[in-house]
Every structure is written in C-alpha cells, then in structure tokens.
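Here's a quick briefing to read with the model open in your viewer. Have a look at the fold before you dig into the bullets.

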Amino acid sequence: MQQALFPLHQKPLGQLTLLSLLAIGIFAWLFPTHVLIADEVAYFEQGFAWAQGNTLLRQAVAPCDSTLVDQPVSDYPAGNSLVLAGWVAAFGPKSVFWHGLLSWLLGCWALGLALWRQGKSIVWLLLPAVFVPGLLLTRTVMSDTPSFALAGLFLLFFTAPARQKAGSLGAGFLGGLSLLFRETNLLWLGPFLLGALWRQERHGAWLWLGFGLGLGLRLLSAQLFLGDPFFVRDPGIGFSIGFFFKNIGLYGLALLILLPGGLWWVWTTKWRYRQEALAATALFLLVLGCYGYDALAKSGYKAVLLQGRFLLPLVPVCTFAAAFGVSGWHELVDKNKRLILVGAVLLFLLVQLLGHWYNRAQQQFTSALYALPRHAHVSFSPDDTKKFINDLYGSLPVFSADAVGRQQLQCESVWYAHLISRNESQDRQSKAEAAVSAWETWMGPAQPDLIQDLRLPDGTRLRLWRGSGNPENAENQHPTE
C-alpha cells in the first residue's frame with residue numbers, strides 16, 4: 001500500500017507531478033490576500049505601474065495642494081517587477097500571488113529533473129521542501145523565489161551529461177538572467193563561472209557567452225528604467241566585518257537546522273563541483289554576514305525567516321551537494337523517505353494555514369482603512385501602511401505626516417489620521433514611541449477622536465483618528481496611549 005501511494009523509485013516524475021498538484025490545490029484553497037514583507041509593495045507597485053504603461057507615479061504633494069509630482073516607482077532590479085507586470089496585465093492585480101508558489105515549484109522541478117538525469121533520487125527535493133523561509137516566500141511576491149528557480153534551472157543545464165554548446169550557453173544565460181532579479185545571485189553563480197575557466201571545460205567559452213547575454217538584459221533594463229546601465233540599488237544599509245560575528249550564528253543555524261544538514265552536505269559531498277559549492281556557500285556567509293541588516297533587532301523572532309530567506313538561491317546548490325553526499329546518510333534518508341515526505345507535506349500545509357490565518361487578521365486593518373470616506377488621510381507610519389493600503393485593494397490616497405503639516409488640512413471639513421505600530425522587538429517599540437511623540441507634536445493641544453484601535457496576533461496595532469479641518473473645532477480629546 002505504501003509503495004502504491006509513494007512510488008518514489010518507480011515513477012519519480014509522476015510523484016513530483018502529484019505533489020505539485022497537491023501544493024497548487026492547497027495554495028488555491030488558502031490563497032494569499034496581503035503582503036507579508038514591506039518590500040513586496042515596492043515590487044508590486046513597480047509591476048502594477050508598468051502593466052498600466054507608466055514608468056513614473058504621479059502623486060499630489062498635500063491634501064489642499066493641486067500640485068502633482070512624478071516619482072520613480074522604485075529602484076529595484078527590473079526582473080521581478082516585469083514578471084509581476086505580466087501577471088497583472090493577464091489576470092489582474094491579485095493574481096500576482098501565484099508568482100511565489102509557481103517560481104518555487106519551477107525551481108523544484110528543475111532540480112528534480114537534474115537529479116533524475118544524474119541517476120539520483122529526487123527524495124533530495126525534501127531539502128527545499130522543508131526550508132521554512134522558502135515555504136513562507138511562496139506566499140509573497142519577493143525576488144527570492146524566481147532567484148531560486150533560476151538557480152535550479154542553471155544547474156539543470158549546467159549538469160547535463162556530456163553538456164554541449166547549447167547547454168553551456170543556456171546555463172550561462174540563465175545565470176546572467178538571474179542578475180536581473182537580484183545582484184547577490186552572483187554569489188552562487190560566480191564560482192561556477194570561474195570554475196569553468198579553472199577546469200578548462202570544453203564549452204566554458206559558451207557558458208561565459210550565455211552569461212554575457214543574460215547580463216546584457218540586466219544592463220539594458222537598468223538603462224531603460226533607471227537611466228544608468230550600471231545602476232545598483234543602495235539599500236541604505238552598509239557592510240562591515242563588525243556585523244559578521246553577530247550574523248554568522250543566525251545564517252549558520254539556517255544552513256544547518258532550517259535546511260537540514262546544509263553545511264554538512266556541502267562539506268562532505270563527493271560532487272564533482274564540490275569546490276564551487278564550497279566557494280558559493282562561503283561567499284554567501286561572508287557577504288551576508290557582513291551585511292548590516294539586523295532582522296533580530298528590527299523584527300525579533302521573525303529574524304530567522306527574514307534573514308534566512310536570503311539563502312534561498314543557495315538551496316539548489318546544497319541540494320545537489322546532498323544528493324552526491326555520504327552513502328550512510330543516503331541510506332538513512334532513503335529508509336525514512338515516506339515519513340519525511342509526509343512531514344514535508346504537513347509542513348507546507350501548516351505554513352499555508354498560518355499565512356492565511358494571518359492574512360485574515362490583516363484584512364481587519366485594510367477593511368477599517370478602506371471603509372473611511374474619501375477625505376484627506378494622513379499616515380504616521382507610511383512604511384507599514386503600504387502593507388494594507390495599495391493597488392491590490394484599490395486606489396486610496398494617503399499622505400505622509402512627514403510631508404503634511406497640521407495647518408495644511410484647513411481645507412478639509414473632516415480628515416483622518418492613523419498610526420500602525422509594532423512591538424516584537426526593542427527597536428520596534430522605540431519607533432512606536434517616537435511615532436506617538438511625533439503625533440502629539442504634530443497635533444498640538446487639540447487631539448481628534450480615536451475611532452479604531454485594532455491589533456494583529458503578532459502585536460501590530462492600528463489606531464485611527466478622525467479630526468476637524470479647523471483646530472478650534474476638534475472635540476472629544478483622547479489620550480494616544
């Protein structure tokens with residue numbers, strides 16, 4: 001009975017098809033409704049604008065000012081947003097949430113086909129299947145999942161037996177194309193490009209030619225959309241060796257626990273490209289370790305997932321390393337493959353259930369904000385606001401309190417203001433206190449009515465006020481805490 005249910009060795013690609021259909025069915029049942037990461041909004045708005053034929057956003061300066069200004073949608077690499085623009089144009093804005101899951105499945109299929117062609121069991125696809133940051137990203141429109149897919153496709157072409165010119169050209173092109181999505185994809189790609197020179201591979205020149213063609217698309221898109229072919233986005237966060245010892249523990253945890261045995265597989269593998277796998281892993285740990293992004297300080301317990309997601313494009317390399325690993329471990333995995341498979345399916349279901357549950361809670365915020373009459377609306381937390389007010393749900397002009405003074409609302413008989421605060425870390429608590437202080441300073445002695453006070457399961461809080469255009473008419477003063 002078990003063999004009929006899970007014929008892993010008899011029909012591996014048929015099994016992969018069934019599991020993919022199961023994943024699609026679960027995902028469709030628990031389909032995402034809200035973004036989970038603030039950067040998603042930038043990608044989505046960029047793709048949404050491009051789908052409408054716009055490269056700039058035209059926005060009002062202030063509620064009582066008719067002046068309109070054009071602003072760039074965002075300065076992210078174009079690849080991810082171009083794909084999202086295609087989804088928006090073909091199926092509408094909310095279809096973009098298929099982007100994460102289908103990219104992840106594409107990467108898994110590429111890896112499965114590559115392993116099968118090498119005579120290895122596709123049971124090793126259970127590594128990406130249990131990597132929780134990757135599962136979480138299936139519910140997002142981030143660029144990590146297409147980067148994972150392109151890394152898998154690269155290995156599919158690169159590891160082809162008796163690889164010919166076309167295979168090398170295709171692998172190089174896919175590698176170069178990955179830079180259209182994230183510059184850091186060069187960390188896993190670079191060692192394979194240089195390794196081809198070091199090994200003096202027969203078709204190494206074709207690999208580099210393909211890379212040049214893919215890179216050319218990256219340069220062309222940067223020129224078209226950002227006016228500079230060599231533009232690299234400044235994340236506003238620096239690099240320093242001082243960050244390394246703080247970050248390395250978290251990334252080490254992600255590559256040993258969240259990706260079970262990841263570092264061990266790379267170190268002990270008998271894969272022909274062990275040196276390239278080691279170099280790619282070392283580069284990821286070194287560069288990301290020195291990156292000053294501190295999710296632990298910003299988001300508390302969410303840090304493992306938020307920082308762990310940066311490693312997703314490295315997962316295909318670790319998966320291949322594991323497939324060529326120590327035989328004793330292979331026997332253990334093979335012996336327990338059905339139990340591991342059931343666990344992976346349940347883990348996927350659990351992540352989707354939790355994501356859907358959190359999305360439903362997020363809907364409370366969006367419903368409250370969109371239910372307001374279309375009077376002037378001011379946000380004291382513009383970054384967090386983007387998760388709940390964006391073109392996924394319809395146009396709703398909101399002005400940042402940093403750009404709008406209290407007196408600029410004189411033309412409005414009624415106006416609204418809101419503050420979204422978080423408390424999962426000391427940094428978030430300090431920012432919430434600063435936002436409340438800014439609110440009190442902005443309002444002065446006359447404070448408006450507090451009409452909503454809502455909370456999400458993780459402690460995120462929405463406070464919403466209604467005020468009068470004239471300060472002297474403000475009534476029913478309420479404390480902000």
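A residue counts as buried when its relative accessible area is under 20%. With that cut-off, strand β5 (residues 414-421) is mostly covered, with 7 of its 8 residues buried. Bear in mind throughout that this is a predicted model.

**Overall picture**

- The protein has 481 residues, and 54% of them are buried.
- Its secondary structure adds up to 21 helices and 7 strands.
- Take the contacts with a separation of 6 or more: 78% of them link residues 24 or more positions apart.
- The accessible surface is about 21100 Å², and carbon and sulfur atoms hold 63% of it.

**Strand β5 and its partners**

- On one side of the pairing list is strand β3 (residues 376-379), which runs parallel to β5 and is joined to it by 4 bridges. Here Val-378 stands opposite Ala-417 of β5.
- Strand β7 (residues 461-468) also pairs with β5, but antiparallel and through 8 bridges. In this pairing, Leu-419 sits opposite Arg-463 of β7.

**Nonpolar cores**

- As background, nonpolar side chains in soluble globular proteins tend to be buried together.
- The largest nonpolar core here has 116 residues, and the members touching the most others are Trp-124, Phe-154 and Trp-271. Helix α19 (residues 337-370) supplies the largest share of this core, at 10 residues.
- There's also a second, separate core of 16 residues, with Ala-376, Ala-401, Trp-415 and Val-436 among them.
- What does Trp-271 touch, once residues up to four places away in sequence are set aside? The list is Leu-155, Thr-159, Phe-192, Ala-277, Val-317, Phe-320, Ala-321 and Phe-324.

**The nonpolar surface patch**

- Out on the surface, a nonpolar patch covers about 780 Å². Its members are Leu-82, Phe-173, Trp-206, Leu-209, Leu-213, Leu-217, Leu-220, Leu-224 and Phe-225.
- Helix α11 (residues 204-226) gives the largest share of that patch, 7 residues.
- Leu-213 is a handy one to click on: this patch member lies in helix α11.
- Is Leu-213 buried, partly exposed or exposed? Its relative accessibility is 47%, so Leu-213 counts as partly exposed. The reasoning is that partly exposed covers the range between the buried cut-off, under 20%, and the exposed one, over 50%.

**Two buried spots to check**

- Ser-81 lies in helix α4 (residues 78-91). Its relative accessible area is 0%, so Ser-81 is buried.
- Beyond its neighbours within four places in sequence, Ser-81 is in contact with Tyr-43, Gln-46, Gly-47 and Trp-50.
- Where does Val-123 sit? You'll find Val-123 in the loop between α5 (98-117) and α6 (126-130).
- Val-123 is in a loop, yet at 7% relative accessibility Val-123 counts as buried.
- Sequence distance is no guide for this residue: Val-123 and Asp-334 are 211 residues apart in sequence, with 7.7 Å between their C-alpha atoms.
- Val-123 also touches Val-333 and Lys-337, leaving out residues up to four places away in sequence.

Methods: Residues are numbered from 1 along each chain as its sequence is written. This is a predicted model: local features need pLDDT of at least 70, side-chain atom pairs count only at pLDDT 80 or more; totals for chains, interfaces and linings use all residues. Side-chain values use heavy atoms; hydrogens and water are left out. Patches are made of residues with over 30% relative accessible area and no salt bridge: like charges are joined within 9 Å, nonpolar side chains (Val, Leu, Ile, Met, Phe, Trp, Tyr) within 5 Å. Accessible areas come from the Shrake-Rupley method with a 1.4 Å probe; for residues, only the protein chains shown count as cover. A salt bridge is a side-chain nitrogen of Lys or Arg within 4 Å of a carboxyl oxygen of Asp or Glu. Helices (H or I, at least four residues) and strands (E, at least two) are DSSP runs, numbered from the N terminus. Buried means under 20% relative accessible area, exposed over 50%, partly exposed in between (1.4 Å probe, protein chains only). Two strands pair if DSSP finds at least two bridges between them. Contact means heavy atoms within 4.5 Å. A nonpolar core is a set of buried Ala, Val, Leu, Ile, Met, Phe, Trp, Tyr and Cys residues joined through side-chain atoms within 4.5 Å.
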